[in-house]
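Open the model in your viewer and keep the sequence panel visible. The stops below are meant to be selected in turn.

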Amino acid sequence: MAIQTPTTPMHHPNLVDGTRRHILDLDDFSPEEIELVMATTDAMGEVLGREIKKVPTLRGKVIVTLFYEASTRTRVSFEEAGKLLSADVINVSSSGSSVEKGESLLNTVRTLQATGADLIVVRHPHSGAPYFMARNLERTSVINGGDGWHAHPSQALLDLYTIRQHRGSISGAKVVIVGDILHSRVARSNLWGLTAAGAHVVLCAPPTLLPQEFLDGSYREDPDSSGLASVEVTFNVEEAIQDADVVMPLRLQLERQQAGLLPTLREYSKMYQVDERRLKLARPGALVLHPGPMNEGIEISPQVAHGAQSLIEEQVHNGVAVRMALLYLLVANKEGPPSTAQDTPSGELPRRIRFL
Ligand code: CP
């Protein structure tokens, strides 16, 4: 007679019970974790509305921002978030640090851990760099502040928060993401976050700016992307924007034109720019989001970028509260459960990075 070995369900580290140590993407976020981030952001928004915004929550904690690529919004808002929570925030960029002398990413982050960093926010041109860091740090948490074309989870969470703030709920909203999806880490993280929160996501781009999985439809069959099965894809921007609740044009990465992925910027704008005429096809009062930085006049017209439906500056404002929530949820709980092997991504990069 075969002996049955009792099996216990694998525990998935998460923010709800305080066992998550890193935020690397939203592909492993449950709807409950997203809701916890939203509710915690509400509380941080209340702090931001006070006359004296500083609270002692993270006093004695050390946050490092480690940026190997340019950034305005992400770096500044994480720095501000840490300071408003009374953490000590140290900014390191690749220029001016020992990275310039050839120090490896591994030695850099182990050095930062040895100095006592509780959390590192990293931006890196190579997809997967934050996963590599998380695998090699025992005491320091990692937040991915944007890695290559792969993921930008805090940006997606602030996008979700902005939608929720205006609509009351993300569930059921038709969200159209238009533009350079192939090279967009913001689009990838938003796909996971929006679908987990119950949005109906439509991707719209020229075929040369869409990942292969979305061109050939294979994302629907991939068990690793089962959460994305409801995503729709179209090349036609008018069809995409029809009845949309949220329209999110993406920055056209201008360097891509040299790679032959676009005929001319003029033609791209003519075919895909979110302008007033196209925005009229969306539901009345539809929200316009853009992760920034914008190329006004290319993927978005100046009238839409600065029009009554634009929430672009509000996204930046919400970014501070969302990042306060993320720092709080990861760092304030640090004395909680000890780290385990399950906390840390191991082995190969997740298959989902194949969407590159
Ligand atoms: N959206 C965003 O990541 O902007 P920054 O590059 O300015 O951080």
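Axes here are lines fitted to C-alpha atoms, for helices over the stretch in contact, and angles run from 0 to 180 degrees between N-to-C directions. The model is a predicted one.

**Confidence**

Colour the protein chain by pLDDT. The mean is 91, and 90% of the residues reach 70 or more. Then select residues 336–356, where the pLDDT is below 50. Beyond near neighbours in sequence, this stretch has 34 contacts in the model.

**The two domains**

Give each domain its own colour. The domain assignment puts 31–152 + 317–336 in domain 1 and 154–311 in domain 2. Between the C-alpha centres of domain 1 and domain 2 the distance is 26 Å. Domain 1 contributes 21 residues to the contact, and domain 2 contributes 19 residues. On the side of domain 1 that touches domain 2, the elements giving two or more residues are α1, α2 (73–84), β4 and α12. That side of domain 1 comprises 9 nonpolar, 9 polar and 3 charged residues.

**Helix α12 against α1**

Select residues 31–48 for helix α1 and 312–332 for helix α12. Two packed helices are described by the angle between their axes and the distance between the axes. For α1 and α12, the axes cross at roughly 115° and come within 8 Å. The crossing of α1 past α12 is right-handed.

Show side chains at the contact. From α1, pick Val 37, Thr 40, Thr 41, Met 44, Gly 45 and Leu 48. They meet a set in α12 that includes Val 320, Ala 321, Val 322 and Met 324. Further along α12, that set also includes Ala 325, Leu 326, Tyr 328 and Leu 329. By class, the contact of α1 with α12 has 11 nonpolar and 3 polar residues, with no charged residues.

**Helix α12 against α5**

Keep α12 and add helix α5, residues 153–167. The axes of α5 and α12 are 8 Å apart, and the packing angle is about 115°. α5 also makes a right-handed crossing with α12.

Which residues of α5 meet α12? Ser 154, Leu 157, Leu 158, Asp 159, Tyr 161 and Thr 162 do, and their partners in α12 are Glu 314, Gln 315, Asn 318, Gly 319, Val 322, Arg 323 and Leu 326. The contact of α5 with α12 divides into 5 nonpolar, 5 polar and 3 charged residues. Val 322 and Leu 326 appear in the α1 contact and in the α5 contact.

**The sheet of four strands**

Switch to a cartoon view. An open sheet with parallel pairing has 4 strands in the order β2-β1-β3-β4. At its edges are β2 (88–93) and β4 (141–147), each pairing on one side only. From one strand to the next, the twist averages 15°.

Zoom in on β3, residues 119–124, which pairs with β4 in the parallel sense over 5 bridges. Label His 124 and look across to Asp 147 in β4, its bridge partner.

**The sheet of five strands**

What is the order of the 5 strands in the other open sheet? The order is β7-β6-β5-β8-β9, with parallel pairing. β7 (232–234) and β9 (287–288) are the edge strands, and each pairs on one side only. Inside this sheet, select β5 (residues 174–178) and β6 (residues 200–204), which run parallel and are joined by 5 bridges. Val 178 has Cys 204 in β6 as its bridge partner.

**Two backbone details**

Go next to the loop between β9 and α11 (302–305), where Pro 293 lies. The peptide bond joining Gly 292 and Pro 293 is cis, with omega about -10°.

Finish at Ser 86, in the loop between α2 and β2. Its phi is near 70°, a positive value in a residue other than glycine.

Key
Residues numbered from 1 in each chain as written. Predicted model: local features only at pLDDT ≥ 70, side-chain atom pairs only at ≥ 80, totals over all residues. Left-handed = near helix turned anticlockwise from the far one by under 90°. Contact = placed C-beta atoms within 7 Å. Nonpolar A, V, L, I, M, F, W, Y, C, P; charged D, E, K, R; others polar. Pairing = 2+ DSSP bridges. pLDDT = per-residue confidence, 0-100. Domains from an automatic or database assignment.
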